[in-house]
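Please open the model in your viewer and keep the selection panel at hand. The tour below goes from one selection to the next and says what is there.

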Amino acid sequence: MKDIFTIIIRLTVSCILAATVMGSAFIVTNKAKKHNEHVNEQKVRYALLGYSADKPIPDSMALHEVYRYIVSDKQSQYIGYLLSGKEGFIFLTLDLSGKVIDNKSVEVDEAKVLEKEERDKVVNGIVGAGKDAKFADQTIIVTNNGERIAYLLDGKFTGFKTFIGVMLATDPKFTLLGLEILEHEEDPGLGAEIEQDYFRNQFKGKTFEQLKDLDVVKEPLPDEYFQALEGDIAAEDAAKILKKYGDKDIYALTGATISSRSVNNGVKSIVKKFAYRLNILDTALAEQKIEVAF
Amino acid sequence: MANDKSSMQLIARGILSENPIFKLALSMCPAVGISTTVINGVMLGIAVLFVQVFSSVTISLFKNKIHPRIRIPTYTLTIATWVTVIDLALAAYLPEAYAKMGIFVKLIVAFAIITMRLEMFACKESAQDSFWDGLGMGLGFLVGMVVIGLVRELLGSGAILGYDVLGFKPLLFFILPSAGFFVVGLMMAFFNWIELAYKQAKGKK
C-alpha cells in the first residue's frame, strides 16, 4: 500500500517536472517557430508567382489577403469577408444569394489579422452576440500598380490517407500558374510523388475552360514531357514540349492513381469555387461602391 | 558496482567494443531505415547523441529518487521530454534541417539504445560517468550511421554527401531498406574480425 502511494507521488512529480521542461522549451521556441512558418509561407507564395530571394518582388506589387468566414445564427448562414479596404479593414457580410447584409469598417492592427486566433476573436466581436463566425479559408489577391495580376488560393482536400494541403496560383482569368503541396501524408515513393515537379508542373498553364473537365489518365508519362516538367533540358526546348502536351489531361502517378485523382479533383474544385465566389464578391463590391485595396 | 573506467575509455567503448549498432545490435530499425545517405545518418546520429547525453545525465542525477518499480516509465518520460525539447529547438532554429528529419526525431523516443543505456549504466553510475558513457554511445551510433550511410549511398546512388562521384548507380538495391540489413551484417562481421585479429596479435606478444 505504501509503495503505491510513493509510486503515484513520484510519477506525478516526474510528470510535472517533465511538463515544466517541455512547456518552457515551447515558450522559448514558439516565437521563432511561428516566424519560420510565416517566412516559409511567404517563400512559397513568392515562388508560385515566380519570385525568389535572388529576384525580389517589385515595390509596385502588393499582396492583399481576403479571409472568408461562415457566419451563422440560429436561422440561417451568411458569408463574411474580411478584406483590406483603402484604409483599414472592412468586414462584409453577404447572404447566400450574394446580397449585402452588412458592411462594417474594422479598426485592427495588421499584425493581429495575421494570427488566426486573434483574427477569429476580432471577427467574432464584429458579428456580435448570437452569431458565430467560423474561419473557412483565405485567398490572396496580388496586385501590380493596383491591377490584379494573380490570385493565391489556399486549400485542403482529402488524399489517399489524410488531408492534402495545397497552395495554388492563378492569373485573373483563372489559368493555373502553379501548384505547391504544403502538407500531406501520402506513402513515400507512391502518393508522396505528388510533391515532385513532374507531377505538379503538369497543372501549370491549364486554362479555366480546360480545368473544368480535366481528368486523370492512367498512361505512362512520355519521357520528353517528364524532362521538360522536371526542368532537365534547355528552357526553349522545354517550352516547346510543354506546349505540345499543354492540352493533355494529367498523367496519373504510377501506383498512386487515387492520390493523383484527389489532387486533380481538389485543384479543380478549389479554382471553380473560388471563381464563383469571387464573382459574387466583386458584384457585391461594385453594387455597394465599396472601395477596396485590390 | 562502481565504474573503474576513465572518460576516454568510456567513449572508446561506445564507439568500438560496445558499438550500439555493430556490437550491441540495438536500434536496428532506424539504422536500416534511415541510413540511405550520409547526411541522413549524420543528422539522426547528432539528434540521438543529444538525447542520449541529456537523458543519461538526467537519470543519473535522479537515480536515488526513481522508484525501482517504475523505472522504465520514468526513462521513457525522460527520453520523451528531451526529444520534445530537441524537436522544438530544431523546428525553431534549424527549420531547413527539421523539414528533412522532423519525423525521425520524434521516433527517437522508441530507440532501444537509449533506454538500454539508462538501464545498464546511468541508473547506477555518477552523472559525470553517465555523461561520458552517453557521449560514447551517441558517438558510436553516429559513427555507425555514417559508415552504413556511406556504403549505401556510394553503392546505391553512386554518390557521397550528395555529390556524384561514380557517375553511375552500381546497385540500386542498396538504397532499399532490406539492403540495410546486408550492410549492417557485413559491418558486424568486419568489426568482429578486427576484434579477433586484435586479440590474436595481443596474445602473440
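## A stop between the two chains

Begin by selecting Arg69(B) together with Asp3(A), since this predicted model places a salt bridge between these two residues, with their closest N and O atoms 3.8 Å apart. That distance lies inside the rule's limit, which asks for a side-chain nitrogen of Lys or Arg within 4 Å of a carboxyl oxygen of Asp or Glu. Across the interface of chain A and chain B, the count of salt bridges found by the rule is 1.

Now widen the selection to the residues of each chain that touch the other, which brings up 19 residues of chain A in contact with 17 residues of chain B. On the side of chain A that touches chain B, you can colour by class and find 11 nonpolar, 4 polar and 4 charged residues. If you display polar contacts across this interface, the rule gives 4 residue pairs, with both residues at pLDDT 80 or more. Switching to a surface view, keep in mind that the two chains bury about 1,500 Å² between them, and that 74% of this area is on carbon and sulfur atoms.

## Chain A by itself

Next, select chain A and show it as a cartoon, where its secondary structure comes to 8 helices and 10 strands. Chain A has 294 residues, and 40% of them count as buried. Among the contacts in chain A with a separation of 6 or more, 56% are between residues 24 or more positions apart.

Finally, give chain A a surface: its accessible area comes to about 16,700 Å², with 53% belonging to carbon and sulfur atoms.

Key
Residues numbered from 1 in each chain as written. Chains lettered and ligands numbered in written order. Predicted model: local features only at pLDDT ≥ 70, side-chain atom pairs only at ≥ 80, totals over all residues. Heavy atoms only, no water. Contact = heavy atoms within 4.5 Å. Buried area = accessible area lost by both parts, 1.4 Å probe. Polar contact = N/O pair within 3.5 Å; in protein donor to acceptor, adjacent residues only side chain to side chain. Nonpolar A, V, L, I, M, F, W, Y, C, P; charged D, E, K, R; others polar. Helix = DSSP H or I, 4+ residues; strand = E, 2+ residues; numbered from the N terminus. Buried < 20%, exposed > 50% of the residue type's maximum accessible area, 1.4 Å probe, protein only. Areas by Shrake-Rupley, 256 points an atom, 1.4 Å probe, with all protein chains shown as cover.
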